[in-house]
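This report considers a ligand site, the cysteines and the aromatic rings of one protein model. The sequence and the structure are shown first, and the discussion follows.

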Amino acid sequence: VTAADRTVVIGTGVAGARCALELRALGYSGEVTVIGAERHLPYERPSLSKGYLSGTRGVSDVLVAPASSYEDSGIQLLLGRSVTAVDPASRRLTLDRDAEMTYSNVVFATGSSARRLTCMGAESPGVHVLRTIDDADQLRSDASPGSRAVVIGLGLIGAEVCATLVERGLEVIAVEPDAAPLQRLVGVQVGARLAALHAENGVELLLGQSVHAISSAGERTDVHLDSGASIGCDLVVTGVGALPQTALAIRAGIPCAEGILVDATGASAVPGVFAAGDVAQAYVAHRAAALRVEHWQAAGRQGRSVAQAVVGAESGEDDVPWFWSDQYDIQLQVLGWPDRDARTVVRGDLEALDFLAFQVREGRVVAVSGIGRGRELRRAANLIRTGAECKDAELMDVGVDLREMGTPHRSKRP
Ligand SMILES: Cc1cc2nc3c(=O)[nH]c(=O)nc-3n(C[C@H](O)[C@H](O)[C@H](O)COP(=O)(O)OP(=O)(O)OC[C@H]3O[C@@H](n4cnc5c(N)ncnc54)[C@H](O)[C@@H]3O)c2cc1C
């Protein structure tokens, strides 16, 4: 197949889908083809560990857009198909079954895959990861109320899975090497409060502990810890991070570090090659660095930004990353660039789950997490973007409007 002007998007996650839809919204008149290895219409993953896993939401509730949106705007979806090679010199790509296609622009929106444990027995039956709808379907069908689950890793996905499974009536034991859940994102102090929340809701937490091996016999699985203890269970869920899917881009000779290196608009150094979403490591002006973000909001925004770059429109706003996490009846939100070594300064009442916790480094706010104060949390975006110096007393004072704080010191930012 050849075409004078065709943009091919690889990946049907939120970044790929938003890119394609935005191209049409901007009046792009070339062909738009979106190729995705999964057989589902483009969908959003956040619900997979929340409502979709609990069964309160179905596939149609998690779609980026209904099928008609693609049909009506003449976007060709090739689902259940994988791109196996890209040749930027000839602007040609290869799909499985040896099909070939030319392009004028190609967008890598290949996302991440679930990182797997590497210990002995990690591939045993009964050990789940959670990245796709198919993973969530399998987990839900195995997670019968009354059974016992071990969740390994208390990052964003592991913590949400604990909450959903315990609410579903499972006995849940969580194993985490750090001292607290979500410690990498929210720090130890907020993490400790989240640990108490999980314990109050019935999750047994084994913190500061690592898994050494997994074994299975028939229906039963055993998780063996470094401490020498073993936990027998019916199923295991691992939430130990995600890996950007850069292999295709690396083989194509596109510059990659942790992710595919792109400028603020999503353009790589290779003509006609763009990247968006989890796989992109995009330049962020206010950090003066190329950084990878694994959040739903950033993926959608970057997808739209690439579409703007393709049509030559204004693109690449200097965004501060933001994500949310639903656990039990609370919603945690995090804004900015979490930093393990930052100090925590709390505004509000951490114990009552009504707070903002600022992560402060060298007198500047780098990130903020919070529960029950979403609007106020968003007001910290400018403090983070400008790297303004802040006084602890003002951060702690609920009477001080975050939009009015600090003086910008662009050149002094850490
Ligand atoms: C269970 C779960 C819960 C989450 N909850 C939250 C949350 O609460 N808040 C939040 O902000 N973020 C959350 N996230 C993260 C968020 O979903 C991701 O940041 C987002 O999905 C990234 O979108 P993406 O389009 O870049 O990539 P992905 O969603 O990973 O999509 C990439 C797609 O590309 C396909 N693909 C890869 N290689 C090829 C190829 N060679 N050929 C064809 N197709 C290919 C993949 O199969 C996949 O379908 C969650 C993620 C998960 C898994």
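Rings of Phe, Tyr and Trp, the last through its six-membered ring, are taken as a pair if their centres lie within 6.5 Å. On that basis, ring pairs in this predicted model link Trp296, Trp322 and Trp324 into a cluster.

**Aromatic rings**

A search of the whole structure returns two aromatic pairs. In one of them, the ring centres of Trp296 and Trp324 are 5.5 Å apart and the planes stand at 90°, so the pair is classed as edge-to-face. This pair connects distant parts of the chain, since Trp296 belongs to helix α9 and Trp324 to strand β22, with the two positions 28 residues apart in numbering. The two partners also differ in burial class: Trp296, with a relative accessible area of 32%, is partly exposed, whereas Trp324, with 18%, is buried.

**The ligand site**

Trp324 also takes part in the surroundings of the ligand, where a polar backbone atom of this residue is 2.9 Å from a ligand oxygen atom. Two side chains make comparable approaches to oxygen atoms of the ligand, and the three distances are collected below.

| Residue | Protein atom | Distance to a ligand oxygen atom |
|---|---|---|
| Arg45 | side-chain N or O | 2.5 Å |
| Lys50 | polar side-chain atom | 2.6 Å |
| Trp324 | polar backbone atom | 2.9 Å |

Taken alone, the ligand exposes 1000 Å², and the protein buries 94% of that area. The elements that contribute two or more residues to the surrounding shell are α1 (14-25), β2 (31-36), α6 (156-167), α9 (296-311) and β22 (322-327), and the largest share, three residues, comes from α6. There are 37 residues around the ligand, of which Glu38, Arg45, Lys50, Arg131 and Asp278 come nearest. Sorted by class, the shell comprises 17 nonpolar, twelve polar and eight charged residues.

**Cysteines**

How many disulfides does the structure hold? The number is zero. For Cys19, the closest cysteine sulfur is that of Cys256, and because the two sulfur atoms are 18 Å apart, they are too far from each other for a bond. Cys119 is likewise in no disulfide, the nearest cysteine sulfur, in Cys233, being 12 Å away, while a disulfide would require the sulfur atoms to lie within 2.5 Å. Both residues fall in the buried class, Cys19 with a relative accessible area of 0% and Cys119 with 17%.

Conventions: Residues are numbered from 1 along each chain as its sequence is written. This is a predicted model: local features need pLDDT of at least 70, side-chain atom pairs count only at pLDDT 80 or more; totals for chains, interfaces and linings use all residues. Side-chain values use heavy atoms; hydrogens and water are left out. A residue is near a molecule or strand if one of its heavy atoms lies within 4 Å of it. A polar contact is a pair of N or O atoms within 3.5 Å; within protein, one must be able to donate a hydrogen and the other to accept it, and residues adjacent in sequence count only if both atoms are side-chain atoms. Accessible areas come from the Shrake-Rupley method with a 1.4 Å probe; for residues, only the protein chains shown count as cover. Helices (H or I, at least four residues) and strands (E, at least two) are DSSP runs, numbered from the N terminus. Ala, Val, Leu, Ile, Met, Phe, Trp, Tyr, Cys and Pro count as nonpolar, Asp, Glu, Lys and Arg as charged, and the others, Gly among them, as polar. Buried means under 20% relative accessible area, exposed over 50%, partly exposed in between (1.4 Å probe, protein chains only). Rings of Phe, Tyr and Trp (its six-membered ring) pair if their centres lie within 6.5 Å; planes under 30 degrees apart count as stacked, over 60 as edge-to-face and the rest as tilted.
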